[in-house]
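Thanks for coming. I'll take the ligand site first, then the metals. Please bring up the model.

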Amino acid sequence: AKAAGRDRYALFDPAMYADILREADERAELERALAAEEFVVYYQPIVDLPTSRLIGVEALVRWEHPLRGLVGPNAFIPLAESTGLIVPLGRWVLRQACRQLAQWCADYPDTERIRMNVNLSARQFQHEGLVEEVGQILAETGVNPHQVVLEITESLLMQDTDSTIETLGRLKQLGVRLAIDDFGTGYSSLSYLKRFPVDILKIDRSFVDGIDTEHGDATLAEAVVQLGRALQLQTVAEGIETQEQWSTLQDLGCEFGQGYLFAKPGAAETIASILGGAKPS
Ligand code: C2E
Ligand code: CA
Ligand code: CA
Ligand code: CA
């Protein structure tokens, strides 16, 4: 695609060929990693802002590369999306996350209200079998669907709305909840938000970043919280790093949050120790 503008009739473009080879290599490497189960799911706590009590976690995938060590999703999710490998990878993450949730519920009786948030990419959404696969994973792991939150991006909601609404509706019928991720970065209008059966808005980190320094960010964050309230949606602020951001968000009426101030994403054991410690005596 890169070479298309240069000379559309060239039969061989060494630079493009190198790109294709590299992409094919990386694709093969991702496929190998998937088969070898080199991926691991980390979990980041989501808390109730007034009390900082754990109300859920977000599942975030990492790659335990045999040579490169722990690799973050930004380094491989885009390729997984462009190659379509996000479909099996995303299915694997959802299955892992639901198994983990079932395990925590078995180990810690107070965990029945804990939510498990899992990211769904646009590409997974376009995949025909998505709803059946989600239903299958819920059934096989035995988790309460109401504890599962699927995070979708705002940009996804803006494409192809008829089939999008249909798929969202079918997912809702399974009993899961839906969250709009990175909210505020797209161009949502009120009317279109009303049309989608979503439950939760996640305020993008970029607004939380400047909330105490840039007037515009605080105003936008406040607008999102109010929008959420008007539409009876819950609001979760992402990327809370300071005490000031925490208290400002509470003043704005935001219910939930996640960020390094509370906890970074960690291996399942780190969550288990919170759940163990949080058990009422
Ligand atoms: P996201 O869904 O917006 O996830 C939140 C990201 O913000 C995570 O990065 C998290 O570690 C980071 N974060 C949380 N709190 C803070 C904070 O206080 N400060 C800062 N600076 N960052 C914070 P991570 O884990 O690197 O994931 C990056 C993105 O990769 C995610 O953004 C999501 O879009 C994608 N991703 C991760 N796992 C999956 C997956 O299983 N499936 C799909 N489709 N995408 C995934
Ligand atoms: Ca997310
Ligand atoms: Ca996000
Ligand atoms: Ca993001």
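Start with a term. A strand here is a DSSP run of type E, at least two residues long, and strands are numbered from the N terminus. With that in hand, Asp182 belongs to strand S6. Hold on to that residue; the metals bring it back. One caution: this is a predicted model.

Now ligand 1. Where does it sit? The space that ligand 1 takes is the largest pocket. Around ligand 1 there are 22 residues. The nearest of them are Gln44, Arg62, Asp181, Glu241 and Tyr260.

What is the shell made of? Nine of its residues are nonpolar, six are polar and seven are charged. Three elements each supply at least two shell residues: strand S2, at 53–65, helix H3, at 86–107, and strand S6, at 177–183. S2 gives the most, with four residues.

Next, polar contacts. From the side chain of Arg62, a polar atom lies 2.9 Å from an oxygen atom of ligand 1. Asn119 also offers a polar side-chain atom, 3.1 Å from an oxygen of ligand 1. Tyr260 uses its backbone: an N or O atom there lies 2.8 Å from a ligand 1 oxygen. How much of ligand 1 does the protein bury? Taken alone, ligand 1 exposes 800 Å², and the protein buries 84% of that.

On to the metals. Take the calcium ion that is ligand 2. Which residues coordinate it? Glu58 through OE, Asn119 through OD1, Glu151 through OE and Asp181 through OD, at 2.1 to 2.3 Å. Along the sequence, these donors are spaced E-x60-N-x31-E-x29-D. Distant parts of the chain are linked here: Asn119 is in strand S4, residues 115–119, Asp181 is in strand S6, and the two are 62 residues apart. Note the overlap at Asn119: this residue coordinates ligand 2, and its side chain also has the 3.1 Å contact to ligand 1.

What about ligand 3? This calcium ion is 3.8 Å from the calcium ion that is ligand 2, and Asp181 coordinates both. Asp181 is also among the residues that come nearest to ligand 1.

Then ligand 4, also a calcium ion. Its protein donors are both OD entries of Asp182, lying 2.8 to 3.1 Å from the ion. Ligand 4 and ligand 3 are 3.6 Å apart, and Asp182 coordinates both.

To close, back to strand S6. Asp182 is in this strand, and so is Asp181. Asp181 coordinates ligands 2 and 3, while Asp182 coordinates ligands 3 and 4. S6 also supplies at least two residues to the shell of ligand 1.

Note on methods. Residues numbered from 1 in each chain as written. Chains lettered and ligands numbered in written order. Predicted model: local features only at pLDDT ≥ 70, side-chain atom pairs only at ≥ 80, totals over all residues. Heavy atoms only, no water. Near = heavy atom within 4 Å. Polar contact = N/O pair within 3.5 Å; in protein donor to acceptor, adjacent residues only side chain to side chain. Areas by Shrake-Rupley, 256 points an atom, 1.4 Å probe, with all protein chains shown as cover. 1 Å grid on protein atoms, 1.4 Å probe; cavity = no way out; pocket = protein on both sides within 12 Å on 5 of 7 lines; lining within 4 Å. Sits in = over half its atoms within 2 Å of the grid points. Nonpolar A, V, L, I, M, F, W, Y, C, P; charged D, E, K, R; others polar. Donors = N, O, S within 2.8 Å, 3.2 Å for Na, K, Ca; no water.
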